[in-house]
Amino acid sequence: MADAAQLPPLLPLFPLQTVLFPGALLPLHVFEARYMDLATRCLRDGSVFGVNLIAEGREVGAPARPYEVGVSARIVEWDMAKPGTLDLVVRGERRYRVLRSELGANSLLLGEVEWLAEAPHRAIPDNCLSLVALLRAIVEDAGVERLPEPHDFDDAGWVGLRFAEVLPIPAQAKQALLELDDPTDRLEIVRQFLDQRGLLAERMKQPKGS
């Protein structure tokens, strides 16, 4: 991953009704001119754009107001099923905070961003070790197409982000998990969420492959 000093301070933003996490894959169907131009430029230059959850507004039409913390996205697959549209798969890379935003060409939202520090590798706390077994089962069920390699089941940050990605919780709750700087805090919140709903014990009782 690039050093923050080498990352662009001005980032084109793609506000969505979903949260992208570092290391996660996200399919996008692109048809608006501003995002077609953005995707074309990113494919040509190998550059990234930002994905932010929408705080106010919609994905199409007038530019939406995004939450401040988002994740840079790199295109890893693309296809043009029909003229005037692009089907993309992007992968989340690094978190940032939008300091201010402005409108560029075609009403594309541009953000002046502060790149957030990447959390160091953290061991899984003892009281969260059961989450690792559960996540291994989820990855096996979902397949590498849904939860791609590299996998790092020993890192609290990676494990917490994958749970934040797959848990069936509102987008605002996912955003709150994304914004946490401490990976062990994120993992503890996930553990409490699963324990309170009996989901951890229920899933671990299921036979392998169920």
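Colleague: Which residue in β7 does R97 stand opposite?
Modeller: That's E114. Keep in mind that this is a predicted model. The two strands, β6 and β7 (residues 109-115), pair in the antiparallel sense.

Colleague: How many bridges are there between β6 and β7?
Modeller: Seven bridges. The hairpin they make has five residues between the strands.

Colleague: Which residue takes a positive phi in that hairpin of β6 and β7?
Modeller: N106 does, with phi near 60°.

Colleague: OK, and what about the hairpin of β5 and β6?
Modeller: There you get six residues between the strands, and G84 takes a positive phi, near 90°. Strand β5 covers residues 69-79 and runs antiparallel to β6, with nine bridges joining them.

Colleague: What does R74 stand opposite in β6?
Modeller: Another arginine: R74 stands opposite R91.

Colleague: Where does strand β2 come in, and how many bridges join it to β6?
Modeller: β2 is residues 25-30, and six bridges join it to β6, which spans residues 86-103. Those two run antiparallel as well. In that pairing, H29 stands opposite D87 of β6.

Colleague: Switching topic. Which residues form the nonpolar patch on the surface?
Modeller: L43, W78 and M80. Together they have about 310 Å² of accessible area.

Colleague: Where is L43 placed?
Modeller: In helix α1, which is residues 33-45.

Colleague: And why is L43 called partly exposed?
Modeller: Because its relative accessible area is 34%, and partly exposed runs from 20% to 50%.

Colleague: What about C42, buried or exposed?
Modeller: C42 is buried, at a relative accessible area of 4%. C128 is buried too, with a value of 1%. Both count as buried because the cut-off is under 20%.

Colleague: How many disulfides does a search of the whole structure find?
Modeller: Zero. So no pair of cysteine sulfur atoms comes within 2.5 Å.

Colleague: Last thing, what does UniProt list for residues 8-198?
Modeller: The record has "domain: Lon N-terminal" there, and the entry is unreviewed.

Colleague: How much of the chain is helix and how much is strand over residues 8-198?
Modeller: Over that stretch the chain is 32% helix and 31% strand.

Colleague: And how far apart are the end C-alpha atoms of residues 8-198?
Modeller: They're 44 Å apart in the model.

Notes
Residues are numbered from 1 along each chain as its sequence is written. This is a predicted model: local features need pLDDT of at least 70, side-chain atom pairs count only at pLDDT 80 or more; totals for chains, interfaces and linings use all residues. Side-chain values use heavy atoms; hydrogens and water are left out. Patches are made of residues with over 30% relative accessible area and no salt bridge: like charges are joined within 9 Å, nonpolar side chains (Val, Leu, Ile, Met, Phe, Trp, Tyr) within 5 Å. Accessible areas come from the Shrake-Rupley method with a 1.4 Å probe; for residues, only the protein chains shown count as cover. A salt bridge is a side-chain nitrogen of Lys or Arg within 4 Å of a carboxyl oxygen of Asp or Glu. Helices (H or I, at least four residues) and strands (E, at least two) are DSSP runs, numbered from the N terminus. Buried means under 20% relative accessible area, exposed over 50%, partly exposed in between (1.4 Å probe, protein chains only). UniProt positions are given in the numbering used here, feature names are shortened, and annotations may be inferred rather than shown by experiment. Two strands pair if DSSP finds at least two bridges between them.
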